[in-house]
Amino acid sequence: MSHIDNIPSTPGKFKMDKSPYIHHRLRWHSSSIAKLTFWSFIFLGLILVFFFRSPSTAPSSTSPSSDLSRRSLRTNSWGGPTWEKRVKSSAKIRSRNGISVLVTGAAGFVGTHVSAALKRRGDGVLGLDNFNDYYDPSLKRARQALLERTGVFIVEGDINDMALLKKLFDIVQFTHVMHLAAQAGVRYAMENPSSYVHSNIAGLVSVLEVCKSVNPQPAIVWASSSSVYGLNTKVPFSEKDRTDQPASLYAATKKAGEEIAHTYNHIYGLSLTGLRFFTVYGPWGRPDMAYFFFTRDILKGKSIPIFEAANHGTVARDFTYVDDIVKGCLAALDTAEKSTGSGGKKKGAAQLRVFNLGNTSPVPVSDLVSILERLLKVKAKRLIMKLPRNGDVQFTHANISLAQRELGYKPTTDLQTGLKKFVRWYLSYYGSGKKSAQ
Ligand SMILES: O=C(O)[C@H]1O[C@H](OP(=O)(O)OP(=O)(O)OC[C@H]2O[C@@H](n3ccc(=O)[nH]c3=O)[C@H](O)[C@@H]2O)[C@H](O)[C@@H](O)[C@@H]1O
């Protein structure tokens, strides 16, 4: 059973507090005008104090494009004694030999599962997430509520906000950073390319810049992607295979991330481990992924596009269940060696690793649909389509022997079992049709 399966999946129903609304008739006596003027000044003063107090509410010096600012750099508020207390309490190590981890993208799919697992074993965990609207933010809020119940606080902010990152390191001496914040999705990269550069390149650099300059430097584990194998045809994909033919901008930004990791390891002695995730699925998953929106659309009676390659070639993925991925992430954190530098200076060679985390048994997308049909007891309206030229590759298949050897990684959940858990979660979260994923 998933470690967060047993937590009620219904999103918190937020009751809006109705403010006491009392109607007064204003009588325009001179005393009332004086009072009104007095209170107006007080109110104005409060607004000014509010704006000058918090550093994060000042306009960002990087001035992102309007689309990015809408999606991620909203006026997040942070700072203040209550906020710092929450940060400290969430990051506090509660077990012997525990670690203290900053999890970026903590309200994301993998981030939520990893944060919950770390907290459960007594590690200190602080989340960071910008709650952007790439997909329904209410799902991210529900994940946040779930984590809050386990004692994980998610700071609302962007990884590009270096002042915020520095502040977090001022408050907590993180031993590790689990960097999962990213712009995910292969096909969306053609719609919004700059969001990939913003999160997966600029955001990664800002995280590494802060990590290299703090003392002690944390060890960093971060999410790369199976998509870096791109047009590689040698199967199963091994870490030694070529990754210089990305098929999407998403893949190119993850590949760039791996090169950037090399640079920060080389110059600053940061301990860096990149994990190439293979199509991760499961409860609390991402609605932009095929298994998720296929479920929604099958239940709605809508047709689902199933891609096939040229000459009716099968499109397949090495679908990997989220609990297996979580085990891989925790093992990567536990085996990460310390960074060697301090205060921006390298003191010696540091660890640099890359691992495949897959299931190592690819399944055709049409078989995924058959499993969903059986679990949902609804026949899908299949629309077979030619694999569009928008970044998708025909198949993925992980060779996991390196992760097996170094991390003790051993996936145990097959697609049928994992999807059963997903469908159970989906139905309890959204209901069987009335309320459905957007
Ligand atoms: O392994 C990875 O690195 C990547 O896995 C997924 O990317 P993808 O495998 O493309 O996952 P889906 O978008 O859920 O697609 C799964 C399969 O369904 C197929 N598909 C997708 C959409 C659709 O309408 N029809 C369809 O047949 C795709 O071609 C693919 O073979 C994630 O979305 C990426 O963020 C992640 O980095």
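In which loop does Pro 216 lie? Pro 216 sits in the loop between α7 (193-213) and β5 (219-225). Helices (H or I, at least four residues) and strands (E, at least two) are DSSP runs, numbered from the N terminus.

**Notes for all views.** This is a predicted model, in which local features need pLDDT of at least 70, side-chain atom pairs count only at pLDDT 80 or more, and totals for chains, interfaces and linings use all residues. Residues are numbered from 1 along each chain as its sequence is written.

**View 1. The chain as a whole has 13 helices and 13 strands.** Buried residues make up 43% of its 438 residues. A residue is buried if 20 or more other C-beta atoms lie within 10 Å of its own, exposed if 12 or fewer, and partly exposed in between, with C-beta atoms placed from the backbone. Among contacts with a separation of 6 or more, 82% are between residues 24 or more positions apart. Two residues are in contact if their C-beta atoms, placed from the backbone, lie within 7 Å.

**View 2. Two cis peptide bonds precede prolines in loops.** The bond from Asn 215 to Pro 216 is cis, with omega near 0°. The bond from Val 235 to Pro 236 is also cis, with omega near -10°. Pro 236 is placed in the loop between β5 and α8 (249-268).

**View 3. The ligand is surrounded by 19 residues.** A residue is near a molecule if its C-beta atom, placed from the backbone, lies within 6 Å of it. Ala 184, Ser 225, Met 289, Ala 290 and Phe 307 come nearest. Strand β8 (residues 303-308) gives the most to this shell, with three residues.

**View 4. The largest nonpolar core has 104 residues.** Such a core is a set of buried Ala, Val, Leu, Ile, Met, Phe, Trp, Tyr and Cys residues joined through C-beta atoms within 7 Å. Val 101, Val 114, Met 178, Val 221, Cys 329, Ala 332 and Leu 333 touch the most other members. Helix α10 (residues 322-335) gives the most to this core, with eight residues. Beyond four places in sequence, Met 178 is in contact with Val 101, Val 103, Val 114, Val 221, Cys 329 and Leu 333. In soluble globular proteins, nonpolar side chains tend to be buried together.

**View 5. Phe 277 is found in strand β6 (residues 272-277).** Phe 277 counts as buried because 24 other C-beta atoms lie within 10 Å. Leaving aside neighbours within four places in sequence, its contacts are Ala 223, Ser 225, Ser 226, Thr 320, Ile 325 and Leu 357. Phe 277 and Asn 359 are 82 residues apart in sequence, yet 9.6 Å apart in space, C-alpha to C-alpha.

**View 6. His 312 and Lys 377 have positive phi values.** For His 312, in the loop between β8 and β9 (316-317), phi is near 55°. His 312 is exposed because it has 7 other C-beta atoms within 10 Å. Lys 377 is found in the loop between α11 (365-376) and β13 (381-386), and its phi is near 55°. With 6 C-beta neighbours inside 10 Å, Lys 377 is exposed too.

**View 7. Confidence varies along the chain.** The chain averages a pLDDT of 87, and 81% of the residues score at least 70. pLDDT is the predictor's confidence in each residue, from 0 to 100. Over residues 6-30 the pLDDT is below 50. Where pLDDT is low, the predicted coordinates should not be read in detail.
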